Amino acid sequence: MLDRTQIQCIVEHHGKEIILHEHMRIEQNSYQHGVVTTFAHSIRVACLSVWLADRMHLWNRVDQRALVRSALLHDYFLYDWHEWDNGTHRLHGLTHGQTALLNASRDFQLGSVERDSIARHMFPLTPIPPKYLEGYIVSLADKVSATRETLSPARFTKPRKHSRRPRLQRA
Ligand SMILES: [Fe+2]
Ligand SMILES: [Fe+2]
């Protein structure tokens, strides 16, 4: 079974290109849930996705690289959805998977597993389910992470935006 350090190494190894991309600065300055930035949330979802695949013994059925990259890019919509913008972000929950896919396709070479997993990670809020196992894992990890982050007592403290990349979070 993979430990925390091994999981972080896997995420860094497969996700390096994404983590170091200049547009991740936008994620580092956008809040996702409570005081957690979209960047920190995406790292958490990637670590938790690897943990879930490992604990469920799915490595013979899951593409580890596609899993990590899908998780890191699932919320690559590149705006702060809390900011007022004449209502454009009102349908954020329904539309941001497609926006993330558009942005990610522009910035990275994506395979079919990555494209599908990013676009459909909000299932069942959006009606079309993921086509691949990797997409279900990312979707589950996202919901677990979002719930934890939303209910965390830290959200009631004064938020601080990260000026530099945070360390990888616990899976
Ligand atoms: Fe999302
Ligand atoms: Fe998410």
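1. Let's start with helix H1, since it catches the eye. A straight helix of 16 residues would span 22 Å at 1.5 Å a residue, yet H1 covers only 18 Å between its end C-alpha atoms. Look at His-13 and you'll find a bend of about 50 degrees in H1. Keep in mind that this is a predicted model.

2. Which residues of H1 are buried? They are Ile-7, Gln-8, Ile-10, Val-11, His-14, Gly-15 and Ile-18. An α-helix has 3.6 residues a turn, so residues three or four places apart point the same way. Helices H3 and H4 are among the elements that cover the buried residues of H1.

3. Now for helix H7, residues 133-151. Its 19 residues should span 27 Å at 1.5 Å a residue, and its end C-alpha atoms are indeed 27 Å apart, so expectation and model agree here.

4. The buried residues of H7 are a mixed bunch to read through: Glu-134, Gly-135, Ile-137, Val-138, Ser-139, Ala-141, Asp-142 and Ser-145. They pack against three helices, namely H3 (38-55), H4 (64-73) and H6 (112-119).

5. On to the largest nonpolar core, which has 35 residues; Val-11, Ala-46, Cys-47, Val-50, Leu-67, Val-68 and Ala-71 touch the most other members. Two or more residues come from each of H1 (4-19), H3, H4, H5 (92-107), H6 and H7. H3 gives the largest share of this core, 10 residues. Val-11 is worth a second look, as one of the buried residues of H1 that also appears among those best-connected core members.

6. Next, the loop between H4 and H5, where Asp-75 has its place. Is Asp-75 buried or exposed? Asp-75 counts as buried because it has 25 C-beta neighbours inside 10 Å, and 20 or more are enough for that label. Leaving aside neighbours within four places in sequence, Asp-75 is in contact with Gln-32, Thr-38, His-41, Ser-42, His-96 and Ala-100. Asp-75 and Ile-118 are 43 residues apart along the chain, with 7.6 Å between their C-alpha atoms.

7. Asp-80 is also found in the loop between H4 and H5. Why does Asp-80 count as partly exposed? Asp-80 has 16 C-beta neighbours inside 10 Å, and the partly exposed class lies between 12 or fewer (exposed) and 20 or more (buried). Beyond its neighbours within four places in sequence, Asp-80 is in contact with Ser-30 and Tyr-31. Gln-32, 48 residues from Asp-80 in sequence, lies 7.6 Å away in space, C-alpha to C-alpha.

Key
Residues numbered from 1 in each chain as written. Chains lettered and ligands numbered in written order. Predicted model: local features only at pLDDT ≥ 70, side-chain atom pairs only at ≥ 80, totals over all residues. Helix = DSSP H or I, 4+ residues; strand = E, 2+ residues; numbered from the N terminus. Expected span 1.5 Å × (residues − 1). Contact = placed C-beta atoms within 7 Å. Core = buried A, V, L, I, M, F, W, Y, C linked by C-beta atoms within 7 Å. Bend = angle between axes of the 7 residues up to and from the residue.
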